[in-house]
Amino acid sequence: MTPLDTTPLDTTPLDLISPETAQRYRQAVGATIDRLADRIAVAEVPTTDTPAVDLHQRVATVDLDGPALGTERALAELDDLFVREAVWFHTPGYLAHLNCPVALPAVAAEAVLAAVNPSVDTWDQSRIGTDIERHVVDWLARRIGFPTGDGIFTSGGSQSNLQALLLAREAATAAPARVAASATAASATPAAAPALADLAVFATAETHFSVRKSARLLGLPDAAVVDVETDTSGRMLPSALALAIADGRADGRTPMAVVVTAGTTDRGVIDPLAPIADVCDLERVWLHVDAAYGCGLLVSPTRRHLLDGIERARSVTTDLHKSFFQPVSSSVLVVRDPADLRRASWHADYLNPEGATEPNQVDKSLQTTRRFDALKLWATLRASGAEAIGRAFDAVVDLAADTHTLVQADPDLVLVAPTQLSTVLFRWQPAGVTDEESDAMVAPLRAALLAEGRVLIAKTVVDGRPCNKLTLLNPATTAEQMRASLDHVVATAERLRAASTRPTVTGGAAR
């Protein structure tokens, strides 16, 4: 017989927000903000040099079934465990991924969301929050060029792309209105809807991986995504798209969607939107624009023309937590025709029954419970205005151009490819260093810089060769700071190469 566990139960109550705890809420959040502000004020490098093994061990040794600490001690521990070791995207040395410093009004709105905890799936859970989200979506749709468009906030670009392709799949597999080619007017019968295995999605090798992942989630075979040829800059060739669609039709495949990118992740280039829209119009194919990265151009005072043709898309992905300087998460899928969003609607009697008069957002969303992320952009627009966001995005594009010049002027660095946005692709390759040696340095260089914590960069593969990558999204970073960061990258590469070529000494003799 197993003896009874006589360990005393922890009787610490769950500390919930309520009228009775309003003062404790003020104290706990106020103390947390004070600690955060102190750390932000002195953060000069992206992260610490604490070894990864130590970070793993610190987390592993915390007993989540151990004695309760209470709110104040738990939040102080959180500061020491996480915030002290966090990655700071607002520092000039953070140059790695598509992470941006965030707008202060949006951060304050995030605090409102966390405390009020609304869900904008149904009207009775958010009330005016539904109206605010719809107003923000309408504003964004008009910026794209959809005067009567609609949309829904999502968790990120991957989910927005998934939902867009779901809508495209539903449109492609709906019973077609056309008749079979062999039918006569008297005996005309609708043609059968295409099978999933026969659908084709046209993209490029530069397209975000979420498109291929989404195709699999939607039940399409791996061969469903067809890579269309690109130009030397990595942009889809409209002529190649037309040929690929024709070849697909000849093979008995049904074009489901064309996915073009306004700001590829690595090269930061924009597919030629208007010429591709011409092809899609002619072929009657759903055009989806993944503008997760390039959506900041929608509010740019100087570069909006780079998105000319986006208004001809049927759906558009925007990631506001990239180029609108919003906290994660904040993405919007926008459609030109509001009816398209209804293609994936599902109704539940307890939540959103058919024929309901309340403006329920769950009718349009893949999610049920959903964050009120629109409030963050609302606060930013009301505080600073759209043009301020656009100027900030222009600043990082200008910074990338300046950084390209710096890389090209550095005898130890090679610029790999141009960009239209804010990425910089480069290799460390001084005179005398072979391609093989340069390629072999890409991963160790990134790893060494990450371990040190002063300058963080990324790595990728372009045209079959590895290279390092900078993604610039901090409008406060200067060209002088970029010069210092590149100097540090070069010095680190030189140190790594010297260490790798230093002869080992055994028994007093070099070998």
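**Entry 1: strands E2 and E4.** I began with the pairing of strand E2 and strand E4 (residues 254–261), and I found that four bridges join them. The two strands run parallel. I note that the model is a predicted one. I then looked up one residue pair and recorded threonine 254 in E4 as the bridge partner of leucine 199.

**Entry 2: helix H9.** I turned to helix H9 (residues 238–250), which packs on the sheet and touches E2 and E4. For its direction relative to that of E4, I noted an angle of about 160 degrees.

**Entry 3: the whole sheet.** I traced the strand order as E1-E7-E6-E5-E4-E2-E3. These seven strands form an open sheet, and I entered the pairing as mixed. Strand E1 (150–154) and strand E3 (225–227) each have a single partner strand and stand at the edges, so one side of each lacks a neighbour in the sheet. I also recorded that neighbouring strands are turned against each other by 20 degrees on average, direction ignored.

**Entry 4: helix H6.** I next looked up helix H6 (residues 128–144), and I found that it lies across E1, strand E6 (315–319) and strand E7 (331–335). Helix H6 runs at about 115 degrees to E1.

**Entry 5: glutamate 206.** Finally I located glutamate 206 in the loop that lies between strand E2 (199–203) and helix H8 (209–217). Leaving aside residues up to four places away in sequence, I listed Gly234, Thr264 and Arg267 as the residues that glutamate 206 touches. With arginine 267 I recorded a polar contact between the two side chains, at 3.0 Å.

Technical notes. Residues numbered from 1 in each chain as written. Predicted model: local features only at pLDDT ≥ 70, side-chain atom pairs only at ≥ 80, totals over all residues. Heavy atoms only, no water. Polar contact = N/O pair within 3.5 Å; in protein donor to acceptor, adjacent residues only side chain to side chain. Contact = heavy atoms within 4.5 Å. Pairing = 2+ DSSP bridges. Axes fitted to C-alpha atoms, helices over the stretch in contact; angles between N-to-C directions.
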